[in-house]
Each structure stands twice: as C-alpha cells, then as structure tokens.
Amino acid sequence: MQKLFLEIKNLHVLYKTVNGISVVLDNFNLSIDKGETVAIVGESGSGKSTLGGAITRLLPSSAEEKGEIVLNGKDILKISEDDMTLIRGTSIFMIFQNPLNSLNPVKTVGFQLMEAEKIRVERDKKTLTEDEIKNEVIANLELVRLPDPEQIFNRYPHELSGGQIQRVVIAMALILRPDLLIADEPTTALDVTIQAQVINLLKELNKNYGMTIIFITHDLSLAYVMANDVMVMYAGRIMEFNESNSIVSKPAHPYTISLLKSVPTDYKGGSRLYYILGSPPSFFSLPRGCKFNPRCDKVFEKCRVQEPTLFTMKGKYEVRCWLFE
Amino acid sequence: MSDIINLKNIKKYYLTQERQLLDIIFRRKPIYVRALDDISIDIIKGNILGVVGESGSGKSTMGKIISSIEQPTSGELDFEGSKVDKKHYKNLRKNVSMVFQNPYTSVNPRMKIKNLVSEPLGKFDEKKVRDVLSLVGMDYDEISNKEPRELSGGQIQRIAISRAIIKSPELLILDEPTSALDESIQAQILNLLLDLQEKLKLTYVFITHNIGVAKYMTDKIAVTYAGKIFEYGNTKNIMENPKHPYTQLLIASVPDFKKKELKSPVGDVPSLINVPKGCRFSNRCPKVMDICKSQEPKFSDIDGVKVLCWLYG
C-alpha cells in the first residue's frame, strides 16, 4: 500500500484587497498518495494557481491561509519561514508558467544547477569534488534531452529558448529529486511540439522516480494526457474529482460536460460549437447557492438557494452537484 | 471562384540591426532575419484560410504582409487581381482589417466603447455603431458608455471584431483571436466569427497555433515552418492524411481525448538568421535523407495538397 503523502484539510485562502475580502479557496480538501499525478483544471480565476501558491507558501502577503496542509506528516502551514525555505526546492519543487522568470538572469545555467546539486550533496551527506558535481549536472542535462549540455551549462538564461529553459528547470527538479512537483501551466508559453516534449519528460519523472506531480492547467485534454486523476475547479471550489479516463468518457458535473463540449473537434461546416453562457463570476460577487448555477443548463430550484456539498461517486471520487445527491 | 489575395514569391527579411555608416564603408555584410522566404499562396474569396505554425514560423508576418502593415522585401502582393505596392494600397487597406490576440492591448483603455467602435469611421455614427454591435451580440444601450476595463476579455474581443467589420471590409485577418481566452469563451467567439463570415460573406485569414481550432474553422490550411509553407491544401485532406513529416508530428503532438501519449519532433525550431542548408526541418526530421541536408525541396502536388518535401519529389 502506498502511504498518504499530501493531505490538504479544510484549506481556506482569502485575499484582503481594497475592494474587500475575497475568499478564493473555500473549504478545500485533497489527498494525494505517493507517486500519483493529479491535474487541477480550471478557467482563469478558478483558484487553481492560488492552490499551488498555498502549498508552496508563496502567496502574496495579502493572502491569509487557514486549515492544514500536511506533507509527509508535517503541517507546512505551521512551520517557520526558515524551515519552509528548506522544504521548498528539496521536498516541494515548483515549475512556473513563464520560463524566463524562474531562473536568475545574471547567473549561468551551470552555476544555478551546481547550486542545486550542492544542496542535494549536502542533504545526502556526501562529499563530492567540484568536477564530480559538474559531471552530475551535465548528466542530468542529458537526461532532459538538451542538445550540447556542455554548451548549455555555460549559457545565460536569456540565450536559451523557452522550451530549453523549461527543460533546465526540469533538470533542476531531477537533481533535487523533490517528493512533490507542482507544475503551474508549465507549457502554456511553449509551442505544441515543445509542449509534447515537456509533458513526456514530466511523465518520465513520475514513472522513473516516483515523483508525485500536481499539474495545474486550463487545458482539459492536456490534463487527460498528463494525469491519472483530474480535479475540475470553478470559482475556488472543487466541482468534480474523477479519474482522467472517466472525466472524458462519462463526465459527471454539468460544468465538466459543458467544458468538454466547447472544445472544437469537428470540421468546419458542421454544427456550431456548444458554449457556456456568460462568463466566470468574480470572487467579490459570487452567486448564491451553487457557484455555477447562473451558467448551468441543468439548473433547478435548489441550486439557486443552497450550495451543494461534495457527493461521493465511487471510491475517492467526488462531485459537487445536487443531481448526485 | 476568384482569388481575393495572391501572394507571389513573397520574401520578408528584417535587419537584425540598422546599418550604420561604418558598416557601409567597411562593407560589412548585413545580417538578416528571414521571417518569410519565398512564399506563394492564393486566397479564395469567401474562404477561410488557416495559417498554422509554431512561434517564429512567420505566420504573423504573413498576416502583416497581407494587410500591408509591412512591405515585403521582394515578391508581389495582388488584391483582387491588381498589384499592391507602396503607392497603391488604399483599396487594400479599405477592404482588409485585423483582429489581434490580446484584446486589451488592441483598444485604447481611455475611450468609451461607442467611440472605440466608431473610431475607424472617422466620425461618430450611432446607427452604424448600434448595427455593428448587435451583429457581434452586444447591446448598445448597455455598454456604449462603458470603458474597456469594465468588460471581460471575451466582450472586448467582440468589440475588437466590431471595429474590424464596421467599414464592411472583405477580408479579415484574425491573428490568434482566441488564444488569450478561456475555453468556454473561445467557443462563443469562434461561433460568432463563423456566423459573421456567412452573414457578411467575408474572407478570413485565420492565424493560429491551435490545431483543433484550425480544423474547426478553416476550409484550407497552410502549415508554416521557419519562414516556409510546408504543406497547403484542404483542411480535411491535411488533418486526415498529413503528408509532410512535420505536419504529421505537429498533429501527433497535440493533446486530445483520443490518445494518452504525445509524440513530438526532437530539438527546437531553427534560428531564422542561420537557416539550415537544404530543408529547414532536416535537423529534426525522422525521415531525413541525404538530399534534404544539401538541397531545398520543391513543391509537389499530391491529391490536391501541395507539399514541400523530398519524399514526394
């Protein structure tokens, strides 16, 4: 049996702004076993990036977190900032959307990877010479299939393309071997062919090293390709948590169904695309009852009054909809 | 059917830096970025042409050349059969509009919606603004006095589209019009664009990197790579039976709900400054032959699809 690895219990995240308080994550629960891949899918403003920020404790100071995030038996919301710095990078590693922002622009790629390797060596209580460390780094650059790793080693981030930087960041993850990898839209800024390369690399990390991956994306098809489990979020709530195969073959929540239907797959000349009326709500004016009810095509009286709780479908999978009461 | 636009051997080279006096005196060779290299394509009136490619493939430059925002370095652009050049572009400009990717940066944030929409006319004409707003599914009375920041991304894209069609052009160049939008909003805008095209009998050049969207929106597709068109033909032919190894890999690397594995070509897009000799895809191509590395391929015609690859020629 795999042991429970990450458990998020009753997580609330709220932002204090000049316009008032906005509750972005409300009573959020998630548990992930070691070696699993979970994709978090949502449109912009669904709270999916806030979740990534909450787990790494990288949210802006205006954010307030309540609840528990237990990683490897330790509640990371309760530990000090210094301890958190140790966890970041070694236990939790995050890959961001904009590859140019994730590396230091005035240090070479090699310098930054050497730094990571030194942390790893220190953690493993080994002693390696500078040359051995460099060889390790280059070996890891080869693993992510970068051409001419020796050359890349001496380059600065601005000399690399977006896909190359994203692979350097993955090489860094390989070096540090974190238990949990959070990838927040890691391929949105990349071309499709490069995206496919990065996705395949991430899947390898999961398969070969048992790395647990939380993959945050707005693209359902990418979530399907990447993860075993998919969580669909809307307005800061989990709408559906399901196996990736079932999400595609028999989606439960009306929101998931509509999202799937609005992806163009046909040729021109056929019927018009299905679309969801209106646009996602703002966190300052969330509707009463189910947060999706103004846009839902299966809405009934109860949805407008009372917000549904999560109903269990089968096993650990859940859906937030009165239709499944 | 007649052609609305003919591109004939269009080249667009950009200088990496401006030539200074010293460069000329010492006869230093200018360094060019070859954004478009010898591109020919005909756009049929009333059709939707999709231009699909990765970043740096020249697809946006192609849009700019067609709308005469940029002048080609060499080659000829014809609009409705007559040549367009520096002096004769008025007819083209009157009949071509563009819609860009980021709706927020394509409108003046300090202008009211009604003024934004009527801006292309040069004067305020309430009836026209009303008509064009209802065409894009917006209510004049509700939004005319609002500013762009009060609208959502999808709504602003509608405003951008209404600006583009208010002078009743014949050709719209849509440069990634839905890439910045959420999926549920993207569907609304795509439907709107198809409705408008039918109602107003428009021609579209639809530039996108999203294969699914291109498949759904277009009659013909041109696949671009590193400043070249690699494959050009009917959308259905290309999507079902891609000929060029690049097109095959491009389609295989797009995630969809039918496959769990993605395939992709190795390596990166080549630099447009030092373009590889021979075929520009040769360094990434899984079917590369000796000839690909030395000689540039020519177009071959297979089942009505034009392919730029030595496998067929």
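What follows is a short dialogue on reading a few features of this predicted model.

Colleague: Before we get into details, what are the mean pLDDT of chain B and the scores of the model?

Modeller: As a general point, where pLDDT is low, the predicted coordinates shouldn't be read in detail. Here, chain B has a mean pLDDT of 90, and 100% of its residues reach 70 or more. For the model, ipTM is 0.84 and pTM is 0.88.

Colleague: Okay, sheets next. In what order do the eight strands of the open sheet in chain A run?

Modeller: The general idea is that strands of a sheet pair through backbone hydrogen bonds, either parallel or antiparallel. In chain A the order is β6-β7-β8-β3-β9-β10-β12-β11, and the pairing is mixed. The sheet's edge strands are β6 (92-95) and β11 (311-312) of chain A, each pairing on one side only.

Colleague: Can we zoom in on one pair? How many bridges join β3 to β9 in chain A, and do these strands run parallel or antiparallel?

Modeller: There are four bridges between β3 (residues 37-41) and β9 (residues 229-234) of chain A, and the two strands run parallel. If you want a residue to click on, take V38(A): its bridge partner in β9(A) is D229(A).

Colleague: Over to chain B, then. Where does E231(B) sit, and is it buried or exposed?

Modeller: E231(B) belongs to strand β10 (residues 228-234) of chain B. E231(B) is buried, yet it has no salt bridge. A salt bridge needs the charged atoms within 4 Å, and the nearest side chain of opposite charge, K243(B), is 5.3 Å away.

Colleague: Which backbone nitrogen lies 3.0 Å from a polar atom of the E231(B) side chain?

Modeller: That of H244(B). Leaving aside neighbours within four places in sequence, E231(B) also has a list of contacts, including I221(B), V223(B), I238(B), P242(B), T247(B) and V305(B). K243(B) and H244(B) are on that contact list too.

Colleague: Last one: backbone angles. What is the phi of R27(B), and what is that of A226(B)?

Modeller: R27(B) has a positive phi of about 50°, although it isn't a glycine. A226(B), also not a glycine, has a positive phi of about 50°.

Colleague: Where are they in the chain, and is each one buried or exposed?

Modeller: R27(B) is in the loop between α1 (21-25) and β2 (32-44) of chain B. With a relative accessible area of 74%, R27(B) is exposed. A226(B) lies in the loop between β9 (220-225) and β10 of chain B, and its relative accessibility is 0%, so A226(B) counts as buried.

Terms used:
Residues are numbered from 1 along each chain as its sequence is written. Chains are lettered from A and ligands numbered from 1 in the order in which they are written. This is a predicted model: local features need pLDDT of at least 70, side-chain atom pairs count only at pLDDT 80 or more; totals for chains, interfaces and linings use all residues. Side-chain values use heavy atoms; hydrogens and water are left out. Buried means under 20% relative accessible area, exposed over 50%, partly exposed in between (1.4 Å probe, protein chains only). Lys and Arg count as positive and Asp and Glu as negative; His and the chain ends are not counted. A polar contact is a pair of N or O atoms within 3.5 Å; within protein, one must be able to donate a hydrogen and the other to accept it, and residues adjacent in sequence count only if both atoms are side-chain atoms. Contact means heavy atoms within 4.5 Å. pLDDT is the predictor's confidence in each residue, from 0 to 100. Two strands pair if DSSP finds at least two bridges between them.
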